[in-house]
Amino acid sequence: MTECEKCDVLPLPLPREGRLYLWPPVKHSAGKVIAQIRKIGHQVTASDSLSTLHTDFPQDGLADLVQSVLDVLQPEEAANTKALIMDSPTAPGIDDFSRATSLDALHARIGASWLTGVLRKNRLRSVFQPIFAIGNLSVPHAHECLIRAVDDEGGMISPDRLFGAAKSADLLFQLDRAARAANVRNAFAAGIDNVFINFTPSSIYDPNSCLRSTIQVVNECGFDRSKVVFEVIETDKVSSVSHLRGILESYRASGFRVALDDVGSGYSTLNMLSQLRPDIIKIDRELIDGVDQDIYKQAIVSKLIDLAKQIGIEVVAEGIERQQELDFLIDRGVDFVQGFLLGRPAAKRFEAAA
């Protein structure tokens with residue numbers, strides 16, 4: 001399988017000085033950009049149709065230049081203005097145009113230079129939260145791998161900050177691929193062999209190429225593929241069920257199992273069951289919170305468990321924080337349980353108390 005340029009290749013560091021090319025969506029936007037660039041003392045060259053603009057920026061001047069242009073554009077204009085950085089006055093060639101992005105994304109990438117540093121220096125870390133079979137609450141059946149990162153000072157970077165920066169800077173593909181690989185390697189180093197690995201479906205174009213590096217890491221670590229579960233997160237944000245089905249089929253064809261997260265959070269996830277046919281579903285934690293005290297949540301959770309049993313899908317209830325919630329789920333016959341009551345995420349595998 002060939003390398004996926006979107007997933008496996010990090011963008012080159014932005015040059016300290018060079019030329020900024022811009023393609024505004026309409027002439028009105030181009031006019032505002034030209035006036036602003038000249039206002040801050042830069043020369044700007046425009047094509048006859050104003051469809052293409054370029055201006056040179058001095059050493060370490062890119063951030064100020066981009067911010068100045070954004071100051072005069074509406075959010076919609078900034079999102080639809082394409083931008084490309086060249087490290088020399090040379091006109092861009094065909095290969096260069098593949099690096100073009102939105103002005104918004106370029107601005108975010110400048111602000112998220114720390115993220116490319118995390119990826120280049122492999123500073124991704126994992127914590128592992130135990131998942132227990134309902135028949136044995138002392139020894140984990142599996143662990144969910146949750147990604148974290150370390151900054152230059154050794155501080156921990158939260159997943160929300162990581163993925164928020166990646167989405168804004170158009171680096172989600174690279175981060176998601178790196179997170180999958182890091183979680184597999186870190187689980188192997190921790191002696192964990194039954195794992196749930198999260199992935200975001202919007203970060204995968206073609207499963208055969210985008211998943212290649214992840215499968216390679218699984219092989220390098222010698223995991224039994226039947227003990228590796230790839231868990232779809234942000235299921236409610238899936239724009240193409242057929243695309244997601246292709247990803248899951250690719251995982252299954254390679255010998256892995258697949259799970260859907262946050263089932264029950266909306267009609268869309270329930271509607272997906274018949275099309276995606278996952279091996280495992282994880283009930284949305286909002287439904288688990290206080291389920292023992294809420295007859296509406298009780299009815300929904302009970303029906304989800306019954307439905308899954310009828311069609312041969314295993315069920316994980318996550319987010320359990322109270323004994324009463326656990327008792328209710330045991331009584332309803334859930335297969336697996338996960339939550340702070342049973343075990344918090346930790347940098348090493350869960351060990352039962354002596």
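In the predicted model, Tyr21 stands opposite His54, a residue of strand E3. The strands E1, spanning residues 18-23, and E3, spanning residues 53-57, are paired in the antiparallel sense, with five bridges between them. This pairing belongs to an open sheet of five strands, in which the order is E2-E3-E1-E4-E5 and the pairing is antiparallel. Because strand E2 (45-46) and strand E5 (101-102) stand at the edges and each has a single partner strand, one side of each remains without a neighbour in the sheet.

Helix H2 is placed against this sheet, lying across E1, E2 and E3 and running at about 25° to E3. An angle under 35 degrees counts as roughly parallel, so the direction of H2 can be described as roughly parallel to that of E3.

Helix H2 (residues 27-39) also packs with helix H3 (residues 62-71), at an angle of about 135° and with the two axes 9 Å apart. Angles over 145 degrees would count as roughly antiparallel and those from 65 to 115 as roughly perpendicular; H2 and H3 are therefore oblique to each other. The crossing in which H2 passes H3 is right-handed. On the side of H2, the contact is made by Val33, Gln36 and Ile37, whereas H3 contributes Leu65, Ser68 and Val69. In terms of residue character, the contact of H2 with H3 comprises four nonpolar and two polar residues, with no charged residue taking part.

How values were computed: Residues are numbered from 1 along each chain as its sequence is written. This is a predicted model: local features need pLDDT of at least 70, side-chain atom pairs count only at pLDDT 80 or more; totals for chains, interfaces and linings use all residues. Side-chain values use heavy atoms; hydrogens and water are left out. Axes are lines fitted to C-alpha atoms, for helices over the stretch in contact, and angles run from 0 to 180 degrees between N-to-C directions. Helices (H or I, at least four residues) and strands (E, at least two) are DSSP runs, numbered from the N terminus. A crossing is left-handed if the near helix is turned anticlockwise from the far one by less than a right angle, and right-handed if clockwise. Contact means heavy atoms within 4.5 Å. Ala, Val, Leu, Ile, Met, Phe, Trp, Tyr, Cys and Pro count as nonpolar, Asp, Glu, Lys and Arg as charged, and the others, Gly among them, as polar. Two strands pair if DSSP finds at least two bridges between them.
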